[in-house]
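These notebook entries record what I looked up in the structure shown below. I begin with single threonine residues, then turn to strands and pockets.

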Amino acid sequence: AIIADRIDFGKLGLRTKDGRWRPTTDVWLPNGLIPSTSIGDEHLLVDDLFHRQDFNLLKNLEVKSVLPEATTVRSGPFYDLWKSAEAARISAESRNSPVPVSEASLRFSPTLATSGLDLLCKASVRTREKVTQRILSDTQYKTKVEFSSAYKSPQVIDGPDMWWVRNFGVLQTRLDLVDVKYCAGAVEGIPVGFLPYPGPAHAEKLQLPDSVETVNWGFSLPLAEKKLPCGRVHELYGLLAKYGVRRPTELLVQQADGSTTRYPSEFIVVAQDDDTYQFLLKSAKVPSLYTGNPELTEPLAERWKLK
């Protein structure tokens with residue numbers, strides 16, 4: 001208490017695990033929210049070996065170690081980050097509307113927010129996944145933005161915590177840990193195992209894209225190519241062709257030695273049966289696809305114009 005009364009706590013510098021010195025307000029004590037051994041969080045974690053003599057003092061000074069409960073705020077680093085980002089988004093979206101608005105003309109209400117989330121935007125994937133699960137386990141409330149113009153009604157938007165989840169959150173999916181902004185909901189006709197799908201509860205709460213047209217295939221397809229066996233990737237190609245997704249410039253094919261490589265799409269052959277595929281693969285050494293399903297093979301030939 002004496003130390004806290006006599007010095008500006010926020011200006012104290014602490015050494016983090018990456019060897020740099022940072023303000024106490026920007027760092028976390030290890031083994032609370034973030035394990036001491038967490039890879040990718042060295043810029044956030046206090047170097048507990050270097051500060052081993054100070055550790056109890058740092059705890060008493062209430063250096064962050066766990067996420068606090070959300071409280072109603074109208075200012076602060078995280079609130080201001082959210083407010084600035086949302087003001088810029090709303091203003092940009094209004095530019096071509098009959099009543100464009102400036103960022104300065106927006107009035108944001110006090111709202112519930114979790115202190116410290118602004119520091120976790122660049123945390124490791126594992127830490128962000130843990131934080132995302134914590135936020136989604138709590139009830140999230142919308143908030144209201146008002147306009148100075150009498151011609152525009154107030155707009156309801158996500159509060160700071162849900163905004164953080166949408167922009168920096170991470171969820172475990174069938175394929176890997178994936179940023180929420182790239183996750184997908186269940187898409188009719190496509191197995192969820194082919195998608196960065198985090199499960200029905202999260203998909204519904206976040207209203208994730210759930211149609212072939214709205215899924216971000218620029219992210220989802222390369223991830224599937226990386227994580228799925230080649231044969232399943234070929235099935236996914238067939239489904240995408242069937243549902244009208246544009247043909248990529250390159251496709252993943254298997255080589256005779258069992259490895260995979262990418263090849264320009266215009267030179268790839270579609271095999272009609274397994275015997276043909278094995279011949280093309282091992283004898284002719286021609287880049288080829290095989291789905292094992294005529295209903296998927298036909299769209300590859302007809303819509304993607306594969307040979």
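**Entry 1. Threonine 291.** I looked up the burial of threonine 291 and found it buried, with a relative accessible area of 9%. I note that the structure is a predicted model. The cut-off for buried is under 20% relative accessible area, so the 9% of threonine 291 places this residue in the buried class. I then located threonine 291 in the loop between β13 (288-289) and α10 (294-302). For its side chain I recorded two partners. The side chain of threonine 291 reaches the backbone oxygen of asparagine 293 at 3.0 Å. It also makes a polar contact, again listed at 3.0 Å, with the side chain of threonine 297.

**Entry 2. Threonine 16.** I next looked up where threonine 16 lies, and found it in the loop between β1 (13-15) and β2 (21-23). Its relative accessibility is 0%, so I entered threonine 16 as buried. I also checked its side chain for polar partners: a polar contact of 2.5 Å joins it to the side chain of aspartate 18.

**Entry 3. Threonine 132.** I traced threonine 132 to helix α4 (residues 125-137). With a relative accessible area of 0%, threonine 132 is buried. I also looked up its separation from threonine 24: the two residues are 108 apart along the chain, and their C-alpha atoms are separated by 24 Å.

**Entry 4. The sheet β4-β6-β7.** In which order do the 3 strands of the open sheet stand? I read the order as β4-β6-β7, with antiparallel pairing. I noted β4 (106-108) and β7 (155-158) at the edges; each has a single partner strand, so one side of each is left without a neighbour in the sheet. From one strand to the next, the twist averages 35 degrees.

I then went through the pairings. β4 and β6 (residues 142-147) pair in the antiparallel sense over 3 bridges. Phenylalanine 108 stands opposite valine 145 in β6, and arginine 107 stands opposite glutamate 146 in β6. On the β7 side, β6 and β7 are joined by 4 bridges, also in the antiparallel sense. There I found isoleucine 157 in β7 as the bridge partner of threonine 143.

Which side chains of β6 are buried, and which are not? The side chains alternate along β6: Thr143, Val145 and Phe147 point to one face and are buried. Lys142, Lys144 and Glu146 point to the other face and are not buried. I therefore read the two pairs with β4 against this pattern: Val145, opposite phenylalanine 108, belongs to the buried set, whereas Glu146, opposite arginine 107, belongs to the set that is not buried.

**Entry 5. The hairpin β10-β11.** I recorded 5 bridges joining β10 (residues 250-254) to β11 (residues 260-264), which run antiparallel. Leucine 252 stands opposite arginine 262 in β11. The two strands form a hairpin with 5 residues between them. In the turn, I noted that glycine 258 has a positive phi of about 95 degrees.

**Entry 6. The largest pocket.** I looked up the volume of the largest pocket, which is about 320 Å³. Its lining comprises 21 residues, of which Lys64, Pro77, Ser115, Gly116 and Asp118 lie nearest the centre. The elements that give two or more residues to this lining are β3 (71-73) and α3 (77-94). The largest share, 3 residues, comes from α3. By class, I entered the lining as 9 nonpolar, 8 polar and 4 charged residues.

**Entry 7. The second largest pocket.** For the second largest pocket I recorded about 160 Å³ of space. It is lined by 13 residues, and those nearest its centre are Ala70, Leu112, Thr139, Gln140 and Asp161. Which elements each supply at least two residues of this lining? I found β5 (111-113) and α5 (160-168). The lining of the second largest pocket has 5 nonpolar, 5 polar and 3 charged residues.

Terms used. Residues are numbered from 1 along each chain as its sequence is written. This is a predicted model: local features need pLDDT of at least 70, side-chain atom pairs count only at pLDDT 80 or more; totals for chains, interfaces and linings use all residues. Side-chain values use heavy atoms; hydrogens and water are left out. On a 1 Å grid over the protein atoms alone, a cavity is a set of points where a 1.4 Å probe fits but cannot get out, and a pocket is an open set with protein on both sides within 12 Å along at least five of seven lines; lining residues have an atom within 4 Å of a point. Grid points are joined across faces, edges and corners, and a volume is the space filled by probe spheres set on the points. Ala, Val, Leu, Ile, Met, Phe, Trp, Tyr, Cys and Pro count as nonpolar, Asp, Glu, Lys and Arg as charged, and the others, Gly among them, as polar. Two strands pair if DSSP finds at least two bridges between them. Axes are lines fitted to C-alpha atoms, for helices over the stretch in contact, and angles run from 0 to 180 degrees between N-to-C directions. Buried means under 20% relative accessible area, exposed over 50%, partly exposed in between (1.4 Å probe, protein chains only). A polar contact is a pair of N or O atoms within 3.5 Å; within protein, one must be able to donate a hydrogen and the other to accept it, and residues adjacent in sequence count only if both atoms are side-chain atoms.
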